Amino acid sequence: MLNKSLDLDKAYGEPANGSSSIVSHRHPNPLPPLQDRHGRTFDYVRIAVIEQCNLRCTYCMPEEGVKFKEKDMVLRSEEIIKVVEVLARMGVRKVRFTGGEPLVRNDIVDLVAQSVQTPGVKAVHMTTNGLLFPKYARDLREAGLFGVNISLDSLTEEKFEQITRRPGLDKVLESIDLAVELGFPRVKINVVLMRGFNEDELIDFCEITKDKPVTVRFIEFMPFDAHQIWETGQHFASAADLCGQIEKNYSDTGINAASGTRTEHHIYQVPGYAGKIAVIPAFTRSLCGNCSRIRVTADGSIMNCLYSEVPYQLKDLMRNGGSDDDIVGLFRKAFDDKHKDGFESKKAASVAAKINVSDISRSRSSMTQIGG
Ligand code: SAM
Ligand code: SF4
């Protein structure tokens with residue numbers, strides 16, 4: 001596989017619109033950075049702001065019967081901003097809003113604007129399914145949103161509906177074009193590549209990068225789907241396999257390794273193409289050694305790993321009058337406890353729950369709780 005150089009500055013990017021209203025990236029009152037006992041520093045937070053969604057992707061949610069948390073169980077706007085402020089003091093520079101579908105939350109533009117203005121925060125990003133993006137795109141750009149990842153798993157309407165259980169391909173394609181047109185500095189397309197579903201579209205997705213300055217990211221299917229279709233083993237396509245197919249298809253072009261973010265472990269650019277192609281080993285987890293991510297769930301728990309089952313109760317702490325120091329202490333505790341990699345996290349979760357390690361993913365009903 002081709003190697004690539006890590007370009008962290010590019011990963012975080014410069015201020016969204018170059019505006020002087022964007023605050024300094026050095027916090028005026030900093031705290032020691034958030035680190036773990038394995039020597040990693042955590043400077044990127046992913047906050048799930050809502051569990052609800054306007055799609056029902058088969059690899060993520062069941063069609064019916066999802067028990068979403070009541071509104072009061074989900075972090076309020078001021079609590080989310082408090083978390084961003086405290087983390088920015090601890091050296092967090094990148095914030096991503098995810099979900100559920102973040103654009104279903106009606107204070108989302110304000111959350112973006114306030115996070116952009118938080119001292120220390122360098123870039124605010126969002127992961128969205130794109131359905132509501134055309135409605136909010138201009139406001140989000142104005143609020144200073146830097147990057148937008150739009151999820152799309154098929155370029156045909158029939159398969160799109162099969163995967164998401166809703167119509168909407170045109171809207172998502174419109175969102176991608178609009179994001180580029182409005183000049184969001186980072187526009188990415190997230191594709192969960194699954195054997196027997198959409199693997200035949202791998203090269204069609206790569207070809208999007210010919211004319212569009214976007215990164216198409218193929219994400220390994222992870223075992224967090226409500227129906228456990230992952231468990232059949234029939235649909236998983238490994239990062240190594242996807243890289244092999246891409247390299248083979250473009251071998252005559254002199255395809256290059258390019259620079260990308262920490263998780264864009266395998267990243268390419270076809271010579272002459274406007275965009276990039278990335279493969280994310282989300283399941284095979286060859287990226288754990290580089291982990292820089294903090295996760296906050298919609299119901300206000302800190303998770304120190306996507307594969308962990310141990311929530312640290314941040315919302316309860318804040319609602320019981322916890323001070324900023326208490327919040328800092330809870331983040332430090334969560335990351336002191338962090339395991340070396342996702343395999344160890346999963347093993348620890350299985351021991352704690354007294355269940356077989358292969359059954360541990362069943363205890364989380366959907367990716368919407370943790371936001372991917
Ligand atoms: N609703 C938004 C969206 O779909 O972009 C944000 C939330 S969604 C949970 C975040 C990302 O997780 C999406 O790109 C989605 O494709 C991905 N995802 C969801 N379930 C997954 C799974 N089982 N394996 C791999 N990726 C998954
Ligand atoms: Fe909704 Fe995103 Fe999950 Fe699809 S992947 S059901 S769009 S949260």
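**Note on the sheet and the two ligand sites**

1. In E6, Val216 is the bridge partner of Ile189. The pair belongs to a longer match: E5 and strand E6 (residues 215-220) run parallel to each other over 6 bridges. The coordinates are those of a predicted model, and the points below should be read with that in mind.

2. The strands form an open sheet, 12 in number, with mixed pairing. Read across, the order is E7-E8-E9-E6-E5-E4-E3-E2-E1-E10-E11-E12. Strand E7 (256-257) and strand E12 (312-313) are at the edges; each has a single partner strand, so one side of each lacks a neighbour in the sheet.

3. Two helices can be placed against this sheet. Helix H2 (residues 77-89) lies across strand E1 (44-48), strand E2 (94-98) and strand E10 (293-296). The angle between H2 and E1 is about 170°. Helix H6 (residues 169-181) lies across strand E4 (147-151) and E5, and runs at about 165° to E4.

4. Ligand 1 is surrounded by 17 residues, of which Tyr59, Gly100, Ser151, Asn190 and Met222 are the closest. By class, this shell consists of 6 nonpolar, 9 polar and 2 charged residues.

5. Which atoms of ligand 1 have polar partners in Gly100, Glu101 and Ser151? A nitrogen atom of the ligand is 3.0 Å from a polar backbone atom of Gly100. A nitrogen atom of ligand 1 also lies 3.2 Å from a polar side-chain atom of Glu101. For Ser151, the partner is an oxygen atom of ligand 1, at 2.5 Å from an N or O atom in the side chain.

6. How much of the accessible area of ligand 1 does the protein cover? On its own, the ligand has 550 Å² of accessible area, and the protein covers 96% of that. Strand E3 (123-128) and strand E5 (186-193) are the elements that give two or more residues to the shell.

7. Around ligand 2 the residues are Cys53, Leu55, Cys57, Tyr59, Cys60, Met61, Gly100, Asn129 and Thr368. This shell divides into 6 nonpolar and 3 polar residues, with no charged ones. Tyr59 and Gly100 are listed here and also among the closest residues to ligand 1.

Methods:
Residues numbered from 1 in each chain as written. Chains lettered and ligands numbered in written order. Predicted model: local features only at pLDDT ≥ 70, side-chain atom pairs only at ≥ 80, totals over all residues. Heavy atoms only, no water. Near = heavy atom within 4 Å. Polar contact = N/O pair within 3.5 Å; in protein donor to acceptor, adjacent residues only side chain to side chain. Areas by Shrake-Rupley, 256 points an atom, 1.4 Å probe, with all protein chains shown as cover. Helix = DSSP H or I, 4+ residues; strand = E, 2+ residues; numbered from the N terminus. Nonpolar A, V, L, I, M, F, W, Y, C, P; charged D, E, K, R; others polar. Pairing = 2+ DSSP bridges. Contact = heavy atoms within 4.5 Å. Axes fitted to C-alpha atoms, helices over the stretch in contact; angles between N-to-C directions.
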